[in-house]
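This report covers the overall build of a protein model, then one helix and one surface patch.

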Amino acid sequence: MRIDRRNFLRLFGTAVGGITLASTGLSQTFEVPEKLLKNLKTGPGIVTWKSTICGMCNAGCGLKIKTVDGLPVYVKGNPTYPVNSGGVCPAAHGALEVLYHPERLTQPLRRIGIAGENKFIPVSWEEALNEIISRLKKLRAEDNPERLAIITNNDNDISNLVINKFAYAFGTPNYFNFSYNSNNTQANYLQTGVNSEFDIDISKAQVILTLEADILGTDLSPVYFTKQFSSIKEESEGRVRFIHVGSHLNLTGMSANQFVPIKHETVSAFALGLAFVLIKEDLIDNEFIKKYSFGFEKWQDKNGKVHEGFKDYILKNYYPEKVSKITSVPSSTIIYIARLLGNNKPSIAIGGNSLGESTHGVYTHMAVNALNALLGNFSLKNGLIHFPNPEKFDPPKVDEKAKKGLERMRVDSNVDTPFNFSGFSISDFANNINRNTHYPIEALFLVKSNPVFQSINKRALTDALKKIPFVVSFDSFLNETNVFADYILPIDTFLEEWNIISESPGIPFTHAGVRQPVVDRFHDTKSVTELFGIISKGLGNKFSNLFDSNSPKEIVQEEFRKIYSSGKGAITREKVSGQWLNFIKSRGWHIGRYESFDDFWKQLLNYGGWWNPEHNSFKNNSSFRTPTGKFEFYSRLLEEEAGKLNDKNLEKLNIYAKGDLLFLPHFESQEDGTGSLQLVLFRNNVNKDGSLSNIPLLQELFGLGIKHYWDTWVEMNKITSLKYGLNENDDVIISSEYGSIKAKVKIIRSMPDNTVAVPIGQGHTNFGKYANGFGADPTILLKDRFDIFSGKQALQSGYVNISKTEQGA
Ligand code: SF4
C-alpha cells in the first residue's frame, strides 16, 4: 500500500483509536512534520513490526510497533513478553503522540529570562555540555562534590543505574528518585531488611485482599495483574475470592467480588482488626511465626526489660467492635474477611501505593506486612511474596574527594530526625536549601522529572530552584520544573532509545526486556545514558573509564551478555504457558540453545525480552536481612533510629505512640484539617501521575469512564451529595485553608460517607497547550506534610469543604 499524508494520518488515527480532539476545540490531531513524511511519499509502503518495551510508565510491558517505510504507525502489546502477554493499558496508545508531539524539545536550550519565565534560546550541544562539565569540574576542584544533586524519576532502567554510578563516583550522596510512585519500601525494609517492593505471586492464592491497592489500574505492573486476575477467575471458576477495601472505587474495586468502603487513614486499624481475629481463632501460620518471626510473643531485651509482644498488643487493642468504631466497617465484615483469609490459605493482603501517602503511611504498610506474616506468606511453603533480586548496582571505585563527599549528610536530611534509612523528602530538600540548613546545592540535574508539579509545597521548591545557581534538565518537554533550569537538554523518547528494563514492580519472576529504537531519532536529541557517558568523559581522569562504553547500545548489549553467559532462562519466544513452561522447567530453567551471543542478541531483538521463571532471591526461610534474621513484628531497625527521639521530637512529627508501640504497626488518628470532608486523591490509568497529561489522546481518554473529558471531577456518594445539596454534574468549589479548585460532581456508589475523591494529574501550568489550563491540581489543597520515615508526601491527609460555584448555586 502506498501511503500519502492523508493515509498516514488515517493510519495514525486508527493506531490511536480514531479519536478526534473536536471536543476541546484543538486541532483534530497534530501534524507529522513534513520531513518525516518524505519516505512515505516515495517509499514502497513496506510494513515491519519491531519489539520494544513501553516507556509510558515503569511497569515494563512489551510492545510491538508497526512501521510503514520506517515510520511507526501502530502500537500493540507483545504477545510473548511475560509481563503483559500481549495486553496494554490505555496509556500505551499515546506512545506515538509522544514521538510525533509538536512540542517536543528538538535542540539544547539556554535560559535567557529570569528563572521560571520560560524564555530560552537554542544553543549547540557543545556549548551546553562544556558549561556543564566546567561547573562539575569546579565542584570537584573545590572539594564540594556533595553540592551536586540529581533528581530522577522512578524508572527501573539502565539509565538510572548509570546515573547512580556517576553520582557515586562523583562523590555526591544527593542522588534521589522522586515521583508520586517512589518511596514505598520503607516498611518492607523495617520488617524484613529488604528495601524494595516485594514481588507478588497471586496465582496460587485462594483469597486476594487488596487494601487501597489498584493492582489492575495504576499500582505495580497493572497489565500483568489484570491478566493474572482474569485467568485466576476463569480457571478457578469463581472459587477464588477477591475483596477490595478502599476509600475510592478504583478499577480493582470494580472487578472485586466484594468492595468494602473505608476511610483511608483507618486502613491500618482494619488490617490489625483482621490480625486480631486470625490470632484469636488460631488461623495463623504457627510454624512460620515460631521459627522465622521476631516480636510476636512477649520477649526480654539484653537489659532484662520485658516487652509486650505483637500478639498481646493486638488482642488488647484491636477487637472487632473497637475497630468497627474506628473504621465504620461492620464488625461482622471484619470477622468474615479474617476467617476467609485464615481458612483458605494461601491467601494474601496487598497494600496499595497510596497507603504510604499519609503521615503514618509506614505504620499502615507495616500492618499489612504483619498480616501477611500471620498468613505465612513470607515462607517457602506458600511462596506468595518474594524478595526481588539483590540490587544490581555495582559501586565503582571512588577517590578521596568522592569518599568525603559521600560521607556528608544528605541535603534532605531532616534536622529533627536524621534517620539514616529515611526515604527522600522533597519537602525537606526544598526547605533545607532555602534555610541553608546543611550546605548549598550548587548544581542540580533533573532527569525526566517534574517535582514542582508533583510537590505539595510548590512554592518552597521553586524558591529553592531559584537559589541553586546551576540547574540542568534532561527532558523531552518543557514542564513546571525545567522552566527554572539554566539549560535543558532534549532527550530521546522511548521509541528512539536503547535501554534494558528489568524488575518490573511486583512481577514474581526474573526478566529483562530490550528497548531498541524502532525509528531513527526525529530531532537533535540524545539519550540520558549517552549524556552521562559524555559528561563523564569530559570530566577526564578516572571518569573517562567510568563506563565501558559511551554507546547505550553497547551498554545494553553488555548487560545481556551477562545474562547469556549465565545460561539461565530463555528468550520469550512463545506464549508463556503450559507446554513451554514445562519444557524449560524440565531443563532446570537452563536453555543454552543459542549458537552464539550474536544468535541470542538477534533473537532478543526479534522477540523483545528474556525471562527466567525461577525466582532467584528467596530460596530459603532465612532470607530476612533484619538484625534478628527474621520477620520483625517489632522492628529492631526502627528501634535503633527512632528510639533516640524523645516524645517532644515525635509529637512535632505527629507521632504520638510511646514505648514499644513506636516500633510496632499501629493505628494513630491523624491531624484533622478544618474541612469537613476527607479528601482522597487517586491516579488514573490514562495519564498515570500527570506526566502524560500533555498527550492529547490521553486527555481525550481522561474521564472516559464518567464521560467528563480533559477536566477534573469530584466523586462522592449519594449521602454526601445530599448532605451538601449537590447533584450530578454540578460545578463546585473544593476548598481548604491552603487553596481552592473547581470540579464537577460525579456521584459514585460505594464511596465512604463524608469523603470526596479527586483525580490527580490535571491542572498543569507549564506543560504545553494540551495540558495547560485543563482541570485542576488538587495537591494545592494540602498541607505540606509527609511520612517522616519514608519521606512520602501525605497526599491522602487532606480535609476540605465543598460548595456550588456561583453559577451552579
Ligand atoms: S502499564 Fe505502563 S508499561 Fe504497561 S502498557 Fe501501560 S503505560 Fe505501558
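## Overall build

The protein has 26 helices and 30 strands, taken as DSSP runs numbered from the N terminus (helices: H or I, at least four residues; strands: E, at least two). This is a predicted model, in which local features need pLDDT of at least 70 and side-chain atom pairs count only at pLDDT 80 or more, while totals for chains, interfaces and linings use all residues. Residues are numbered from 1 along each chain as its sequence is written, and side-chain values use heavy atoms, without hydrogens and water.

The radius of gyration is 26 Å, which agrees with the value near 28 Å for a compact globule of 809 residues; it is taken over C-alpha atoms, and the globule rule is 2.2 Å times the number of residues to the power 0.38. Of the 809 residues, 62% are buried (under 20% relative accessible area, 1.4 Å probe, protein chains only).

## Helix α14

Helix α14 covers residues 361-374. All are buried, 14 of 14, so the helix is largely enclosed by the rest of the structure. After α14 comes G376, with a positive phi near 80°.

## A nonpolar patch

V47, W49 and Y74 make a nonpolar surface patch of about 270 Å². Patch residues have over 30% relative accessible area and no salt bridge (a side-chain nitrogen of Lys or Arg within 4 Å of a carboxyl oxygen of Asp or Glu); nonpolar side chains (Val, Leu, Ile, Met, Phe, Trp, Tyr) are joined within 5 Å, like charges within 9 Å. Areas come from the Shrake-Rupley method with a 1.4 Å probe, and for residues only the protein chains shown count as cover.

W49 lies in strand β1 (residues 47-53). W49 is partly exposed, at 39% relative accessible area, a class between buried and exposed (over 50%).

Key
The expected span of a helix is 1.5 Å times one less than its number of residues.
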